[in-house]
Amino acid sequence: QVQLVESGGGLVQTGGSLRLSCAASGRTFSIYGMAWFRQAPGKEREFVASISWRGRLTSYADSAKGRFSISIDNAKNTLYLQMNSLKPEDTAEYYCAARSTPTGTYGSWGQGTQVTVSS
């Protein structure tokens, strides 16, 4: 089992930046890849970005391309999401997730961290 704990959320003005972190513990050797998702009030959870455990493969939602950057520090077992040029529509609860296969479902989830972007 993998445990995930997010941090780094907060309140920021439009155009500002935040860096989210997700610390992984437990059976981290079983992780193939990790990802960030977000869910705004009244909306479905949506994919933001993903990365393979060694950081070689990344993928971004169109809404994140050019503004967000996903990275991973294997020595610290920590996933990051650098978010720049934030917009009010980025306001959401952000979750990190992990999966053990390239195409499997994300079976481990963190508790979430709130990001609020004021206009």
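This is a short chat about a predicted model, covering its disulfide and two residues, Ser108 and Ile72.

User: How many disulfides turn up in the whole structure?
Analyst: One, from a search of the whole structure. This is a predicted model, mind.

User: Which cysteines does the disulfide join?
Analyst: Cys22 and Cys96, with an S to S distance of 2.0 Å. The two cysteines sit in distant parts of the chain, 74 residues apart. Cys22 is in strand E3 (residues 18-26). Cys96 is in strand E9 (residues 92-99).

User: Is the link right-handed or left-handed?
Analyst: Right-handed, with 55 degrees about the S-S bond.

User: And Cys22 and Cys96, buried or exposed?
Analyst: Both Cys22 and Cys96 are buried.

User: What does Ser108 touch, leaving out residues up to four places away in sequence?
Analyst: Cys96 is one of its contacts. Ser108 also touches Val2, Leu4, Ala97 and Ala98.

User: Where is Ser108?
Analyst: In strand E10, residues 108-109.

User: Why does Ser108 count as buried?
Analyst: Because its relative accessible area is 15%, and the cut-off for buried is under 20%.

User: New topic, Ile72. Which strand?
Analyst: Ile72 lies in E7, residues 68-73.

User: Buried or exposed, that Ile72?
Analyst: Buried, at 17% relative accessibility.

User: What does Ile72 touch beyond four places in sequence?
Analyst: Ile72 touches Met34, Thr78 and Leu79. Its contacts also include the run Ile51, Ser52, Trp53, Arg54 and Gly55.

User: What separates the C-alpha atoms of Ile72 and Gly112?
Analyst: 18 Å, for two residues 40 apart along the chain.

How values were computed: Residues numbered from 1 in each chain as written. Predicted model: local features only at pLDDT ≥ 70, side-chain atom pairs only at ≥ 80, totals over all residues. Heavy atoms only, no water. Helix = DSSP H or I, 4+ residues; strand = E, 2+ residues; numbered from the N terminus. Buried < 20%, exposed > 50% of the residue type's maximum accessible area, 1.4 Å probe, protein only. Contact = heavy atoms within 4.5 Å. Disulfide = S-S within 2.5 Å.
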